[in-house]
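Colleague: I am new to this model and would like a close look at one part of it, the salt bridges and the spaces that lie around them. Please go slowly and explain each term as you come to it.

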Amino acid sequence: MTAPGPEDSGAFVVATAGHVDHGKSTLLRALTGTDPDRLAEERRRGLTLDLGFVWTTTPGGRRLAFVDVPGHHRYLATTFAGLATAPAVLLVVSADEGWRAQTGEHLAAVEAFGVRSGLLVITRADLADPAAALALAREHTAGTALADALAVAVSARTGAGLDVLIRRLDALAAAHPAPDPEAPVRLWLDRAFTVAGAGTVVTGTLTAGTLAVDDTLELAPAGTPVAVRGLQSLGRDVERVSGPARVAVNLRRIAADEVRRGHALVTSGRWWRTTAVDVRLDPPAPVADPLSAGAPPAGPAARLPAEPLVHCGTAATGARLRPLGADSARLTLRAPLDLHVGDRLLVRDPGSRLLVGATVLDVAPPALRRRGAAAARARQLVAVTDPADPATRLRATGRELRADLAAMGFATADPEARPEARSENLAAGPFVVDAAHAAWLRAALTAEVDRYAAAHPADPGLPHPLARQRLGLPEALPLAALTGDGLVTRQGRIYRAPDAEALPAPVSAALDRLLKALHAAPFRAPTRRELDALGLTAESLALLVRRRHLERVGPHHLAVGALARAEAQLGTLPQPFTVGECARALDTSRRVAVPLLEALDAAGVTRRHSDGRRTLRPAGSRPLA
């Protein structure tokens, strides 16, 4: 082992699989020098009862970590917890016994969890010719991910073949794609215990992402925040570690009795905690379902029971299964799981040996309420070729928050992430909008703008709040993203492009008459009766103020720049001055002078004295806005 350091690049993690008493633990003991059977009862009975963890370093310096699993059918849930998170597997078959029932069962689990890398190991080669066992193993692995796996015959007793196995493990690790160190963390926990002086410690296989001391994570499924107090990887204290790796995490803020196998440490907000998923089911492995021999062919959804067990990572939960199509189903989980689309599940019939792999297609599926909804949903799911592509979900929902899509595991949550995806969906602030839905929204928005303009010729701009109400759009979705087809957003309203530039003809004519009158007497604001006579409604006046054709002073409307002109004229008066002196200087009435002075007070241009007189403030002494 290398010396402890502040950072750790992890280790290639390999799980064992195979029938009970085929020498899995003995093989790891020979490879690593450490017994994976850590329980006294395991050593007394010579039978693996729980997961074991050992490691070694290859001659080339690569570190290999092993997860040893029980081979007995009675401990299947424990076996699945060990296999689910391993990037690679050693499928062990003994030369003297050959392929057995649990070998096939473990192979079915390897397939279900999506493990695509591994080696075929024929053990006890000193007891029998390994050729027959190898031939049978090749027959059973045909059509699986391990069909072309390299095979090694070994004897843990004599050491024969162990050097070849180590070299092939080294090559297997070198060829395995490196996981993303920036990926969100989901560490499925396989152990939790207390260490004197340290507190709660949990262990698991880190498949991707990076853990660091002082990180804050969530303990799923409860959502409890926890802090990383310390980290170990293969017995070394480290500051940070990236997957793949076996890690021990010392946690703050949580007691050991609050944590158990099946819980997970997750990056907050980056996983979707759910109790309902739509899945695509794999064809059942015949070797894993001997009780169905001779039964007529049926889709996996029909062959599974209504209440199967579901395994994911180190978690296991009961579920209700609702078939949607021949190979698709909805699983309603008894306990929530933190999932991404594309995750692999193992669905098991507890009353038989039927094991079925499943790919998660939707972690927040729509309700099925109408007659025929299940069949319609099955047709939607058939169209999903890439679970990480949000196209099917967006077509069903119209729009989604980008953060939600990322938490669901969609790789294309950002349309800018792939140049070829830019024309498919619309980026609209924090939302991603389906292209077809965006086109419908644009058409609907245009129709609403035209409808509003017809009803409000004095100001044809559709106010944003009204547009959102009529189209059912959230506040966070920018309407500007929908105004590319001849629509223009200006000052909180949406116009047809020509209307955004030109005033309505009646309003323009009335404005000309008003400005002519104000030119002769700038501070004689028209009365409401005079405005009505000009044909200027409250709506049209609001339009003129927004477009900067008029300036509003209290309840009155004056030409733009009125306050600046008033300031200049009031500067010629002896200071301080009264309201009456102001009205005479501006050639107006108290009706206009009072709100005008109040506006100047609010702007810091004038200072009001206790007797009601005003003094014009010097420019340099005015308060900042």
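Modeller: What follows begins with the salt bridges, moves on to the cavity and the pocket, and ends with a few places elsewhere in the chain.

The model is a predicted one, so that local features are given only where pLDDT is at least 70 and side-chain atom pairs only at pLDDT 80 or more, while totals for chains, interfaces and linings use all residues. Residues are numbered from 1 along each chain as its sequence is written, and side-chain values rest on heavy atoms, with hydrogens and water left out.

A salt bridge here is a side-chain nitrogen of Lys or Arg within 4 Å of a carboxyl oxygen of Asp or Glu, and by this rule the count is 29. One of them joins Asp278 to Arg330, whose closest N and O atoms are 2.6 Å apart. This pair ties together distant parts of the chain, since Asp278 sits in strand β17 (residues 272-281) and Arg330 in strand β20 (residues 328-339), with their positions 52 residues apart. Strands (E, at least two residues) and helices (H or I, at least four) are DSSP runs numbered from the N terminus. Asp278 counts as buried because its relative accessibility is 0%, and Arg330 is also buried, at 9%; buried means under 20% relative accessible area, exposed over 50%, and partly exposed in between, with a 1.4 Å probe and protein chains only. Asp278 and Arg330 belong to a network of salt bridges that also takes in Asp362, Arg377, Arg393 and Glu400.

Some members of that network return when we turn to empty space. A cavity is a set of points, on a 1 Å grid over the protein atoms alone, where a 1.4 Å probe fits but cannot get out, and lining residues have an atom within 4 Å of a point. The search of the whole structure finds one cavity of 30 Å³ or more, and the volume of the largest cavity is about 80 Å³, a volume being the space filled by probe spheres set on grid points joined across faces, edges and corners. Asp362, Arg377 and Arg393 are among the residues that line this cavity, and they are also in the network of salt bridges. The lining further includes Leu361, Leu381, Val384, Asp389 and Phe410, and at least two lining residues come from each of β22 (355-362), α8 (373-382) and α9 (391-397). By class the lining holds six nonpolar residues, one polar and four charged, where Ala, Val, Leu, Ile, Met, Phe, Trp, Tyr, Cys and Pro count as nonpolar, Asp, Glu, Lys and Arg as charged, and the others, Gly among them, as polar.

A pocket, by contrast, is an open set of points with protein on both sides within 12 Å along at least five of seven lines. The largest pocket holds about 970 Å³ of space. Its lining has 39 residues, and those nearest its centre are Pro179, Arg186, Thr207, Ala208 and Asp343. Two or more lining residues are given by β8 (186-195) and by α10 (402-408), with α10 supplying the largest share, three residues. The classes in this lining are 22 nonpolar, nine polar and eight charged residues.

Two other salt bridges are worth following on the structure. Asp50 pairs with Arg261, their closest N and O atoms being 2.9 Å apart. Here too distant parts of the chain are linked, for Asp50 is in the loop between α2 (40-45) and β3 (52-57), and Arg261, 211 residues away in sequence, is in the loop between β15 (245-252) and β16 (264-266). Asp50 is buried because its relative accessibility is 18%, whereas Arg261, at 24%, counts as partly exposed. Glu97 and Arg100 form another salt bridge, with closest N and O atoms 3.1 Å apart; Glu97 is partly exposed at 36%, and Arg100 is partly exposed at 36% as well.

Finally, side chains also make polar contacts, which are pairs of N or O atoms within 3.5 Å; within protein, one atom must be able to donate a hydrogen and the other to accept it, and residues adjacent in sequence count only if both atoms are side-chain atoms. Thr32, in helix α1 (residues 24-32), has a polar side-chain atom 2.8 Å from the backbone oxygen of Leu28, and a polar atom of the Thr32 side chain lies 3.1 Å from the backbone nitrogen of Thr34. Thr32 counts as buried, since its relative accessibility is 15%.
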